[in-house]
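The following exercises concern backbone geometry and strand pairing. Please examine the sequence and the structure before reading each solution.

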Amino acid sequence: MASAALLIGSSVLFLSHCSSLASGEDAQSYHVVRNHNSSPEVVCSSSKGSNATALPLVHRHGPCSPFDDKKLLSLEEILLKDQLRVNYLRRSALKPSAKPQVDDSKASIPAEYGGGGYVITVGYGTPSQEQTVIMDTGSDLSWIKCKPRNVCYSQKEPIFDPSQSSSYAAIPCNSSDCSQLRSSCSSSCTYVIHYGSGPKRSGVYSYDRLTLSPNDVIEPFLFGCGTDNERLFLNAAGLVGLGRGKRSLVSQTSQVYQSVFSYCLPSTPSSTGFLKLGEPGDASNTVYTRMQTSSNHPSFYFLDLIGISVGGQQLDISPSVFSSRGTIIDSGTTITRLPASAYGALRSAFRCYMSQYPAAPPTRVLDTCYDFSGYETITVPKVALLFDGVTMDLDISGILMHGCLAFTGYKGGRFGIIGNVQQQTFEVVYDLGNERIGFVPQACS
């Protein structure tokens with residue numbers, strides 16, 4: 001194929017011999033597995049990290065999940081939930097005067113925020129009561145469901161019973177923690193969960209012991225003890241907030257772990273990654289980009305996305321396309337959202353390289369899909385996200401999802417989102433003290 005010029009919006013993208021790419025350093029191949037009757041190899045153990053500070057991180061619907069329901073979601077279900085997550089994040093950012101989640105008089109948590117693909121198991125109370133919770137970088141407040149409950153609800157472990165913990169205490173109104181919330185409570189600090197029909201009182205801010213491992217116990221740990229969480233997170237006990245706010249797990253353990261945490265999301269539900277508090281496992285192999293801050297939503301992790309390359313060629317996209325609204329990296333969003341013009345450039349380049357494969361119908365926001373039936377090996381161009389100081393060469397699992405290009409575009413005055421599909425197999429390091437985000441390739445499988 002001779003050089004061609006493709007008009008995308010107001011910019012011109014030059015592609016050279018893209019359809020001739022079959023192998024080499026600018027492409028990657030993988031074997032197509034079609035025997036759906038055989039079970040994939042399952043590795044339910046953490047692959048890296050310190051034993052003292054690393055927790056196994058598993059897909060909530062995969063075979064390593066502690067939940068009884070291990071049925072994987074369909075692509076349609078994944079995308080529906082993902083859009084709920086994106087809507088939640090962007091609704092929060094639409095309020096210029098919004099304060100961090102629990103720095104207002106009452107905390108707001110979405111009833112069905114769509115995120116929550118990965119879970120860890122921790123212990124609350126004395127003696128420790130195991131609770132499997134969702135890992136979430138888009139939230140500050142950690143919370144779990146507590147007795148007494150006003151509704152019957154499915155959950156793997158017994159619901160946390162504060163009366164059985166010798167170290168539990170509700171936060172009184174006259175405490176400094178409550179005064180920072182400016183709460184008008186009468187006996188203890190409360191928080192609110194927002195259902196679709198409006199806010200509903202759900203529980204109290206509380207202190208208790210948090211057990212991460214036999215050698216890692218946090219006391220006192222501030223969390224939300226919820227007694228009315230109908231329809232919230234199905235069989236998960238709650239979530240652990242890893243945002244940048246004062247009440248997140250990261251902030252509460254800053255003196256112990258120096259405000260550093262990391263995670264590695266496995267490439268398949270049949271494998272296990274890790275969540276680690278403290279320095280990354282391979283500090284010498286970590287490359288960092290600057291962590292940015294948005295005054296509109298200071299709990300989110302913003303970074304400088306400046307470009308994209310396909311097949312070793314950087315696309316002709318001005319960095320201002322990304323910087324005009326910023327880009328966050330989020331553990332709960334699945335599909336990466338790019339500005340419309342940037343996604344258009346990526347899609348055109350990718351389609352050019354993949355022109356030898358028949359197209360398949362789109363599924364919701366995924367509009368670049370292929371029919372790989374009849375192929376034993378698929379060759380895909382390398383795709384890299386370019387950050388300030390960092391080139392992130394995506395794993396094949398971060399490029400294709402169910403045979404579709406795992407990106408989509410958006411219009412309007414919103415921020416971009418780096419989703420968890422693109423983060424798979426990387427150890428993503430959040431160093432809040434030095435205001436930087438790092439990446440370690442091939443940290444888990």
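**Exercise 1: Cis peptide bonds**

Task: in this predicted model, state in which loop proline 127 is placed, and describe the peptide bond that precedes this proline.

Solution. Proline 127 is found in the loop between β6 (118-124) and β7 (129-136). The bond leading to it from threonine 126 is cis, with omega near 0°. A second case is the bond between lysine 147 and proline 148, which is also cis, with omega about -5°. Proline 148 belongs to the loop between β8 (143-145) and β9 (169-170). As background, most peptide bonds are trans.

**Exercise 2: Positive phi**

Task: locate arginine 364 and glutamine 442, and give the phi of arginine 364 and of glutamine 442.

Solution. Begin with the general expectation: most residues other than glycine have a negative phi. Arginine 364 has a positive phi, near 50°, and sits in the loop between β22 (359-360) and β23 (369-370). Glutamine 442 has a positive phi near 55° and lies in the segment after β32 (436-440). To classify the accessibility of glutamine 442, take its relative accessible area of 53%; the cut-off for exposed is over 50%, so glutamine 442 is exposed.

**Exercise 3: Strand β12**

Task: determine how many residues of β12 are buried and in which sense β8 and β12 pair.

Solution. Strand β12 spans residues 216-226, and 8 of its 11 residues are buried, so the strand is mostly covered. Next, consider its pairing: β8 and β12 run in the parallel sense, over 3 bridges. Finally, tryptophan 143 stands opposite glycine 224 of β12.

How values were computed. Residues numbered from 1 in each chain as written. Predicted model: local features only at pLDDT ≥ 70, side-chain atom pairs only at ≥ 80, totals over all residues. Heavy atoms only, no water. Helix = DSSP H or I, 4+ residues; strand = E, 2+ residues; numbered from the N terminus. Buried < 20%, exposed > 50% of the residue type's maximum accessible area, 1.4 Å probe, protein only. Pairing = 2+ DSSP bridges.
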